[in-house]
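Hi,

Here is the structure I promised to send over. Have a look at it first, and my notes on what turned up are underneath.

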Amino acid sequence: MQIIIDSDRLRISIAKGSSNTNTALIAFSGAALLFGGVPQEEFFRSTEHLGMTRIFVVDKSVSFYSNSATNAEILSNIVGAIPQFRDMTIICLGVSAGGLGAILFSKALSADYCLAFSPQFTVHPSQFGGPVVYSPSELVETSDIDHCGSFVRDGCNYVIVTGALSADILHASRIGAYYGGFLSLGIHDHRIVGYLIGSGTFRAMLDATSRHASRSQLIQIIADSFPCRLIDWQCCSATEKLMKSRHDLSVPLRSIEPRDAAWILMHMDEWL
């Protein structure tokens, strides 16, 4: 794997595919290690079997891809790394904050597929009862995600998947209203993609993209493996309204000690 750029706020790496590949996968890191260090490349091992070119984006500043200067760097470095980029099939991929990154860059990168798992656009103090333990230059607040609608790319197959955690459903409802809805699996875990990887479902989805599978075909692959419910875009607003009626997200819910990401994810559903 070759490093394209490695600065104090951004790292982008590339693993070049076979000489005849016409597909590039762009994997955006989330904030999984936010409370213990710098985020790392994600989906490296789970995509090794693919012959396609893979690019890994790590937003060290954990801005939730809301920093315009960093985003401009991301775009220019990705496009510059692959001369034939505009002629390739592009897959944007991410989990949590990385899922949001995949969605937000899908239009600028002319993506054909966007696979976003538990996309998350904020870790706001009101959700965790206390100050956040990082200081990104810009933080996308819950009320500001409406700008997300301007990043929709016609012709892109958006597959948004989340589990059964209340906070994840709330996020997916806000985003899914613009991107054709979302698929909710009955599993209480933020990192829902781990179950898809472990079951072989994730690999089957990626293999299907090489056959130019449609969005509905990718969703069917998941539905064949897990009990799930498709929340279409028309139901997203109603779902969000229901979630907000059940939980006052403006009130601090509990002080977090210790501030550990794994502990937060484990207990999130208990107090949301």
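Let's start with helix α4, residues 166-176, which is mostly covered: eleven of its eleven residues are buried. The buried residues are S166, A167, D168, I169, L170, H171, A172, S173, R174, I175 and G176. Do keep in mind that this is a predicted model.

Some overall numbers, before the details. The protein chain has nine helices and nine strands. It is 272 residues long, and 53% of those count as buried. If you take contacts between residues at least 6 apart in sequence, 69% of them join residues at least 24 apart. The accessible surface of the chain is about 11,600 Å², with 51% of that belonging to carbon and sulfur atoms.

Another helix to look at is α7, residues 215-223, where L218, I219, I221 and I222 are buried. Looking down the axis of α7, you'd find its buried residues within an arc of 150 degrees, so they line one face of the helix. The general background is that an α-helix has 3.6 residues a turn, so residues three or four places apart point the same way. And what covers the buried residues of α7? The cover includes the strands β6 (113-117), β7 (157-162), β8 (182-185) and β9 (228-231), along with the helices α5 (193-199) and α6 (201-209).

Now for β6 itself. Five of its five residues are buried, so to speak of it as mostly covered is fair. Y113, L115 and F117 point one way from the strand, C114 and A116 point the other way, and all are buried. That fits the usual rule: in a regular strand the side chains alternate between the two faces of the sheet. Strand β5 (residues 89-95) runs parallel to β6 and is joined to it by five bridges. If you want a spot to zoom in on, C92 stands opposite C114 in β6.

Strand β4 (53-59) is mostly covered as well, with seven of its seven residues buried. Both of its faces are covered: T53, I55, V57 and D59 are buried on one side, and R54, F56 and V58 are buried on the other. Which strands does β4 pair with, and in what sense? Strand β2 (residues 10-15) pairs with β4 in the antiparallel sense over six bridges, and R11 stands opposite V58 there. β3, in contrast, runs parallel to β4, with five bridges joining them; here A24 stands opposite T53.

Last, the aromatics. A search of the whole structure finds eight aromatic pairs. In one of them, the rings of F44 and F56 have their centres 5.5 Å apart and their planes at 50 degrees, so the pair is tilted. This pair links distant parts of the chain, twelve residues apart: F44 is in the loop between β3 (23-28) and β4, while F56 is in strand β4. Are the two partners buried or exposed? F56 counts as buried because its relative accessibility is 0%, whereas F44, at 27%, counts as partly exposed. F44 has a charged neighbour too, as the charged end of R54 sits over its ring, 4.8 Å from the centre. Elsewhere, F28, Y65 and F105 form one aromatic cluster.

Happy to go through any of this with you.

Cheers

Methods: Residues numbered from 1 in each chain as written. Predicted model: local features only at pLDDT ≥ 70, side-chain atom pairs only at ≥ 80, totals over all residues. Heavy atoms only, no water. Buried < 20%, exposed > 50% of the residue type's maximum accessible area, 1.4 Å probe, protein only. Helix = DSSP H or I, 4+ residues; strand = E, 2+ residues; numbered from the N terminus. Arc of directions from axis to C-beta. Contact = heavy atoms within 4.5 Å. Areas by Shrake-Rupley, 256 points an atom, 1.4 Å probe, with all protein chains shown as cover. Phe/Tyr/Trp six-rings, centres within 6.5 Å; stacked < 30°, edge-to-face > 60°. Lys NZ or Arg CZ within 6 Å of the ring centre and 35° of its normal. Pairing = 2+ DSSP bridges.
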